[in-house]
Amino acid sequence: MGLLTNRVERSDIKPGDHIYTYRAVFAYSHHGIYVGGSKVVHFTRVGTSSTSSDQQYSLTAECPTFPDCGFRQPNSGVVLSCLDCFLQSGSLYCFEYGVRPSIFMAKVRGGTCTTAASDPVEEVIHRAMYLLQNGFGNYDVFQNNCEDFTLYCKTGLLTVDHLGLGRSGQASSVIGAPLAALLSSPLKLLLPSPVGVATVTAGMYCMSRYATDIGVRTDVIKVPVEDLAVNLGWANSEGDTTNVTATFPLIR
């Protein structure tokens, strides 16, 4: 994996890896945990309607290779798919963990890496398989999407305030780009060169992404996956978004 792309070959990935692929001509990426045996656990908005969404898994899709491909619990968006169905003919990319801040900010596109460290493989796969049985709550493009799910499986970290932005670098990029453009607008009066304004805007964009990375945020907590399902009610209810500050201690 390099600075410009995290593209890998299938032979390069290992169980516990955070993988992703691009959809709609690189408009967005879809993330999951590779659990081995050509299987991926990922989080989607399940449905058959044509409602606009970041991700939607078709209930009518049938895999000719793996009978258990598409397995999920009722009312849960956590799905077990084979690697072919997950990629949908797209290329394979591997998300990076524990990257240096300089490398993180040099990545132009969000949703490709984090400064946070990954937990051991056994914990990562345990979280993914546990959530396959118990769910991960309601899907939300900005607060609880496929990247949020995969980041949690890899790190065990959740944001304290469910009303704010989730852990997704992809969502942070969507928010960060217009915010950087807005904040840099007054500088057009001070910087006569368009190149100067563009440079400042790009810098603000990178800094806004870095500030929302789970590796540097202070509003994240480490939550055991068993407590996640019980205390947030995700095992039995897909609509509970209880604030977790009263249940779990903050990480310092």
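**Notebook: contacts, core and a helix pair**

I began with contacts (heavy atoms within 4.5 Å): among those between residues at least 6 apart in sequence, 64% join residues at least 24 apart. I note that this is a predicted model, in which local features need pLDDT of at least 70, side-chain atom pairs count only at pLDDT 80 or more, and totals for chains, interfaces and linings use all residues. Residues are numbered from 1 along each chain as its sequence is written, and side-chain values use heavy atoms, without hydrogens and water.

I then listed 7 helices and 9 strands, taken as DSSP runs (helices H or I, at least four residues; strands E, at least two) numbered from the N terminus.

I looked up the largest nonpolar core, a set of buried Ala, Val, Leu, Ile, Met, Phe, Trp, Tyr and Cys residues joined through side-chain atoms within 4.5 Å, where buried means under 20% relative accessible area with a 1.4 Å probe, protein chains only. The core has 21 residues, and Val78, Leu131 and Phe149 are among those with the most contacts inside it. Helix α3 gives the largest share, 4 residues. I found that Val78 touches residues including Val41, Leu131, Phe136 and Phe149.

I next examined α3 (residues 121-134) and α4 (residues 146-155), whose axes come within 7 Å and cross at roughly 135°. Axes are lines fitted to C-alpha atoms over the stretch in contact, with angles from 0 to 180 degrees between N-to-C directions. The crossing makes α3 oblique to α4; oblique is what remains after under 35 degrees (roughly parallel), over 145 (roughly antiparallel) and 65 to 115 (roughly perpendicular). Leu131 of α3 and Phe149 of α4 are among the residues making this contact.

Note on methods:
Buried means under 20% relative accessible area, exposed over 50%, partly exposed in between (1.4 Å probe, protein chains only). Lists of a residue's contacts leave out its neighbours within four places in sequence.
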